[in-house]
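Got the viewer open and a free hand on the mouse? Let's take a walk through this one together, one selection after another.

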Amino acid sequence: MPVRRLPPLRALEAFVRVVRLGSAKAAANELALSPSALSRRVAALEDFTGKRLFTRQHQAMKLTDEGLAFYNAIGPKLEELAEAVEAQIDRGQVLRLHLGVPSLFGGQRLFPRLPELRKLHPRLHIDIDTGAHLEDRVGDTLDAAIILAKEPDPQYYRVQLDHNKVYAFTSTELAAELGSTPDEAMLARQTFLIHQDLPDSLEAWKDAIGLPDLDPASVDRFDSGQLVLEAAAQGLGIAIMHDDHFRRAHDNRLARLYDIDVESPYRYWFVCRPKSLESRPVRIFHEWLLQAGL
């Protein structure tokens, strides 16, 4: 059978990098190309397919609907091709990912889903790091990380994973004492429990309940979200955490205080160096993470 004509592989590579990195400039830097050379490669692919894959405005390239459909169609096939080639090269060697993860995210959200990833990619093995300053170590001791932050450093490739609200919750006994309506005098006698990396959550909650000047008896800081949950369950104070952590804890010792919606200043993000997306372990995990909807 005659071999079907394929698009120029360099043009495909340029197209895929622009999509995955989210920036023509970043893609050009990764490929060591000038912006005009990158644009020519993408234009060659558009000529080949007869589709307009990007719109171009002020040197920016925005994916069109046709471009997105094309990427969704060829992305899995390119992955299959990469897997086939790598299987011939590495002879079944383990793919190793060094991943930073907050311990509570790992326990509640990541580990319950990891068996799915293992079935899809049995050669991928993940070294988990739950230490401090995860974002600062990305590109050094970590290949990638999941972080809880207002906004990651713009030098990173980043994807926002969720959108959260701030909950105040405590033991069922203390919640019953405090009642259903915020009382400044009663709250001022309480200890508040927060994660040391999320100080603005308490301020956001105080503003939302109309008590911005509330001065509690103490604010105790923890470096572990799991310990904040346990301290609250033991009646040691009022935890200020994300709604998601409260719900996933499934702990009947805990009760939410007040039915008040409070937007969180913080989000979970996946971050890595843009160049790291070309590493197969990072790329596998990144694409699975987005598809799994963690």
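Here is a tour that starts with the whole chain and then visits its parts.

**Before you click**

This is a predicted model, so local features here need pLDDT of at least 70 and side-chain atom pairs count only at pLDDT 80 or more, while totals for chains, interfaces and linings use all residues. Residues are numbered from 1 along each chain as its sequence is written, and side-chain values use heavy atoms, with hydrogens and water left out.

**Stop 1: the whole protein**

Show everything as a cartoon. The protein has 13 helices and twelve strands; helices (H or I, at least four residues) and strands (E, at least two) are DSSP runs, numbered from the N terminus. The C-alpha trace spans about 80 × 45 × 30 Å along its principal axes. Of the 294 residues, 45% count as buried; buried means under 20% relative accessible area, exposed over 50%, and partly exposed in between, with a 1.4 Å probe and protein chains only.

Switch on the surface for a moment. Its accessible area is about 15,800 Å², with 50% belonging to carbon and sulfur atoms; such areas come from the Shrake-Rupley method with a 1.4 Å probe, and for residues only the protein chains shown count as cover.

**Stop 2: a pair of helices**

Select residues 9-21 (helix α1) and 35-49 (helix α3). Their axes come within 8 Å and cross at roughly 110°. That makes α1 and α3 roughly perpendicular to each other. For reference, angles under 35 degrees count as roughly parallel, over 145 as roughly antiparallel, 65 to 115 as roughly perpendicular and the rest as oblique. Axes are lines fitted to C-alpha atoms, for helices over the stretch in contact, and angles run from 0 to 180 degrees between N-to-C directions.

Which residues of α3 make the contact? They are Leu38, Arg41, Val42 and Leu45, and α1 brings Arg10, Ala11, Leu12, Glu13, Ala14, Phe15 and Val18. Contact means heavy atoms within 4.5 Å.

**Stop 3: the sheet with β3 and β4**

Next, pick out the open sheet of five strands in the order β4-β3-β5-β12-β6, with mixed pairing. β4 (124-129) and β6 (157-160) stand at the edges with a single partner strand each, so one side of each has no neighbour in the sheet. From one strand to the next, the twist averages 25°.

Zoom in on β3 (residues 95-100), which pairs with β4 in the parallel sense over six bridges. Two strands pair if DSSP finds at least two bridges between them. Click leucine 99 and look across to its bridge partner in β4, isoleucine 128. Then add helix α13 (residues 280-292), which lies across β3, β4, β5, β6 and β12 and runs at about 60° to β3.

While you're at it, select residues 103-110, helix α5: six of its eight residues are buried. These are Leu104, Phe105, Gly106, Gln108, Arg109 and Leu110.

**Stop 4: the sheet with β8**

Another open sheet has five strands in the order β9-β8-β10-β7-β11, again with mixed pairing. At its edges are β9 (218-222) and β11 (254-256), each with a single partner strand, so one side of each is left without a neighbour in the sheet. Neighbouring strands here are turned by 35° against each other on average, direction ignored.

Now colour β8, residues 191-195. Is β8 enclosed or open to the outside? Five of its five residues are buried, so β8 is largely enclosed by the rest of the structure. Thr191, Leu193 and His195 are on one side, with Phe192 and Ile194 on the other.

β8 runs parallel to β9, joined by five bridges, and isoleucine 194 stands opposite arginine 221 in β9. β8 also pairs with β10 (residues 238-242) in the parallel sense, over two bridges. There, phenylalanine 192 faces isoleucine 238.

**Stop 5: around that sheet**

Add helix α11 (residues 225-233), lying across β7, β8, β9, β10 and β11 at about 160° to β8. Then select α10 (residues 200-208), where Ser201, Leu202, Ala204, Trp205 and Lys206 are buried. Their cover includes β7, α9, β8, β9 and β10. After α10 comes glycine 210, with a positive phi near 80°.

Last pick: glutamate 184 in helix α9 (residues 184-188). Glutamate 184 is partly exposed, at 40% relative accessible area. Leaving aside neighbours within four places in sequence, glutamate 184 is in contact with Leu211, Asp213 and Leu214.
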